[in-house]
Amino acid sequence: MITKEENELLTRVGPGTPAGELLRRYWHPVAVAGQLTEASPTHFVRILGEDLVLFKDKSGKVGLIADHCSHRGASLLYGRVEERGIACAYHGWLYDGQGNCLETPAEPADSRFHLTVKHRAYPVRRFLGMYWAYMGPMPAPEIPKYDVWVRRDGYHTLVVHPRIDCNWFQAMENSVDPAHLQILHQELTGRGRTPSSTTRGFTDDIAALDFFTFPHGIIKKRTYKNGIFDEHPLLFPTVLRVNNSTEIRVPIDDEHLMIFEPYFHHSANGEAKDAGEPAVEVVAPYKEPADALHPFTRFIWDRVPAQDTCAWETQGVVADREHERLATSDRGIVLLRELMVQQIARVQAGLDPLGLERDPDHAMIDTRLDQTLELMRQRGAAVQVRAM
Ligand code: FES
Ligand SMILES: [Fe+2]
């Protein structure tokens, strides 16, 4: 267990919070690229507790700026896009993607007042079928070239999960909690087998669980008694590579989370098959009613991510870690919390945190994807054992 203050340190994501400042050192996806169209050129984004509007102007440039207009606060979601940016619907203040105010139409013709206005704006990049935002101090780092994101010997697809109504760190702790796979997911991952005890699930298949840090986060290693092992990296701070995909967890605010999951599908002959943007699948909500919280909703346990979401949300909107009882199988969680505290301290000391890439030409990062692809081949391509 940890103190209330330590829990706040790990979980809070707003501007000025220790974890929020750490998370602002990394790029995060905020929308599927196809969500911005000519017919619908603005898209509301809440990320790290900040309300923003993503827009594409008529020259094709994409910007991400604060939702509330600098004039008197109307939402720019309803702004009109034009060649040079987005004009607030209320009095027409026109902003470009850098947050410069280009016009204030109701002011006298010779007014220079607009030059004094600087609207909050963040850099945006398009990558892997998504728009990504960087909300930290400049210069911005690079989006890391993880193998699963940049490999070309196959093709990519993108899964967008339903909004998760709890704090982001519950999802990340789950990523270093391999013991739950054989219990929580026993009906869905048993591949036709029935466990002799639903309490133990398939726990007795496991010989050892190990955890170690590496230059991009934490690797959890699950060794089975039949000699097979898998290693799934938590790519610090918000990504879990699981099989041939990465779950990218993006904190909306302290109490909500969005998850984008790009997949890499290896082609048997190594042929590059990416053509245009990845195909996108939007997953239906995992609970009914979709907008309610436990206990006023019921989770639908037909998929592994639904079971995980159920575990995370029912821990509480922000899990109470003052009264938990950690055991030996939770040592990955302890390791992650220690890593977070260390990396928060690095940021506070003015240093780059773990895994930040500043060289635009950095080499592809090996997340041990090949090993996982080989394991998937051994198990049969049709079997997707999601080892979250
Ligand atoms: S509130 Fe936006 S221009 Fe007035
Ligand atoms: Fe899981």
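Donors are N, O and S atoms within 2.8 Å of the metal (3.2 Å for Na, K and Ca); because water is not among the atoms, sites may look incomplete. The views below show a predicted model, in which local features need pLDDT of at least 70 and side-chain atom pairs count only at pLDDT 80 or more, whereas totals for chains, interfaces and linings use all residues. Residues are numbered from 1 along each chain as its sequence is written, chains are lettered from A and ligands numbered from 1 in the order in which they are written, and side-chain values use heavy atoms, with hydrogens and water left out.

**View 1. Protein donors of the iron ion (ligand 2).** The iron ion (ligand 2) has as protein donors His180 (NE2), His185 (NE2) and, twice, Asp308 (OD), at 2.0 to 2.5 Å. The arrangement is irregular because the four donor atoms subtend angles of 56 to 149 degrees. Four donors count as tetrahedral if all angles lie between 85 and 135 degrees; four count as square planar and six as octahedral if opposite donors are over 155 degrees apart and all others between 65 and 115; anything else is irregular.

**View 2. Placement of the iron donors along the chain.** The donors of the iron ion (ligand 2) show the spacing H-x4-H-x122-D. His180 lies in the loop between α4 (168-174) and α5 (181-184), and Asp308 in helix α7 (residues 304-314), so the pair ties together parts that are 128 residues apart in sequence. Helices (H or I, at least four residues) and strands (E, at least two) are DSSP runs, numbered from the N terminus. His180 and Asp308 are both buried (under 20% relative accessible area, with exposed over 50% and partly exposed in between; 1.4 Å probe, protein chains only).

**View 3. Strand β16 and its two antiparallel partners.** Two strands pair if DSSP finds at least two bridges between them. Strand β15 (residues 229-235) runs antiparallel to β16 and is joined to it by two bridges, with Leu234 opposite Leu240 in β16. A hairpin of three residues links β15 to β16. Strand β17 (residues 245-253) is also antiparallel to β16, through four bridges, and Val242 stands opposite Ser245 in β17. The hairpin of β16 and β17 has two residues between the strands, and Asn243 in the turn has a positive phi of about 50 degrees. Within β16 (residues 239-242), Val239 and Arg241 point one way, Leu240 and Val242 the other way, and all are buried.

**View 4. The open sheet β2-β3-β4-β9.** Four strands, paired antiparallel, form this open sheet. Its edge strands, β2 (42-47) and β9 (121-122), each pair on one side only. Strands β3 (residues 50-56) and β4 (residues 62-66) pair in the antiparallel sense over five bridges, and Lys56 stands opposite Val62 in β4.
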